[in-house]
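Trainee: Could you go through this structure with me, and show how each term is justified?

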Amino acid sequence: MTIETKILCSNRAVRHLEPLNARHTFGPAAVVFLGPPGAGKGTQARHVANEYRFPHISTGDVFRTHVAKKTALGLQSAASMRRGMLVPDEVVCGMLMEHIRDLGSTGCLILDGFPRSLAQAKWLDHFLHTRTGESHEFPREAPVAIQINIGRDQLLRRLAGRRSCPSCGRLYNLHFQPPRNPEICDYQGAELAMRPDDSESVVCERLMVHDQNTLPVTEYYRRKGRLLEIEGNDTVNAVRAAIAVGLESVFAMQQHKRHRGLGI
Ligand SMILES: [Zn+2]
């Protein structure tokens, strides 16, 4: 399967889209969201999951649940994080495997925050393939990746412009959602604060680490013809519409393939 890459956000491309039905028995086993921190992939992943009624899995949430419940995998990952190390692939994959099995859903999984390494991407393909082979009445296709592309300058503006009110917790962005008075909360007049990990140098470091880890993941999906690239330097709604157009084409293609296979 080769899907059309590079879908630009253009109003001409935006049309009314009927939400796909979760009961559709064709389509990819998972849609994974890729993109640098600040690209809005969490927001977009939740949109897609809600709109199409597919199960949404945020790896961050799965992580926190395991750590809070003190499961064996949770304790292992907490130990790695305490030592400032990356959580090993087998621990991350183990948590995800348990979570997916507990979900028991045959719908297309919406993954956000996974895979973060080439090994994880390969593991996901293998796991979903054996899973659909074993237990699913309707086997699904291999996962598809949606990569939200956004320029570094734009990301720096987004991330370094974030502020929060230490008193009421409201969030602002100096560029996109500025307070009425510079650096002052609209509600209680408290001076806004920046999270230490939103400073420009820390953001640059985070983006670099992200690129190092996930470029091989992007390349993997590209080589397999399963990468959908979306221009992310636009409003949330425009990006959302571009993603919907891209996903519709993937589902339409796979439905066509299924029908051909069934001789319909
Ligand atoms: Zn406030």
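Mentor: Here is a short conversation about the strands and helices of this structure.

Mentor: This is a predicted model, in which local features need pLDDT of at least 70, side-chain atom pairs count only at pLDDT 80 or more, and totals for chains, interfaces and linings use all residues. Residues are numbered from 1 along each chain as its sequence is written.

Trainee: What makes strands E1 and E3 a pair?

Mentor: Strands are DSSP runs of at least two residues, helices are H or I runs of at least four, and both are numbered from the N terminus. Two strands pair if DSSP finds at least two bridges between them. Four bridges join E1 (residues 30-34) to E3, so the two are paired, and they run parallel. One of the bridge partners is Leu109 in E3, which stands against Ala30.

Trainee: How do you know that E2 is an edge strand?

Mentor: The open sheet has five strands in the order E2-E3-E1-E4-E7, with parallel pairing. E2 and E7 (227-231) each pair on one side only, and these are the edge strands. E2 (residues 56-58) is joined to E3 by three bridges, and Ser58 has Asp112 as its partner there.

Trainee: Why is E3 said to be covered on both faces?

Mentor: A residue is buried if 20 or more other C-beta atoms, placed from the backbone, lie within 10 Å of its own (exposed: 12 or fewer; partly exposed: in between). In E3 (residues 109-112), Leu109 and Leu111 on one side and Ile110 and Asp112 on the other are all buried, so both faces are covered.
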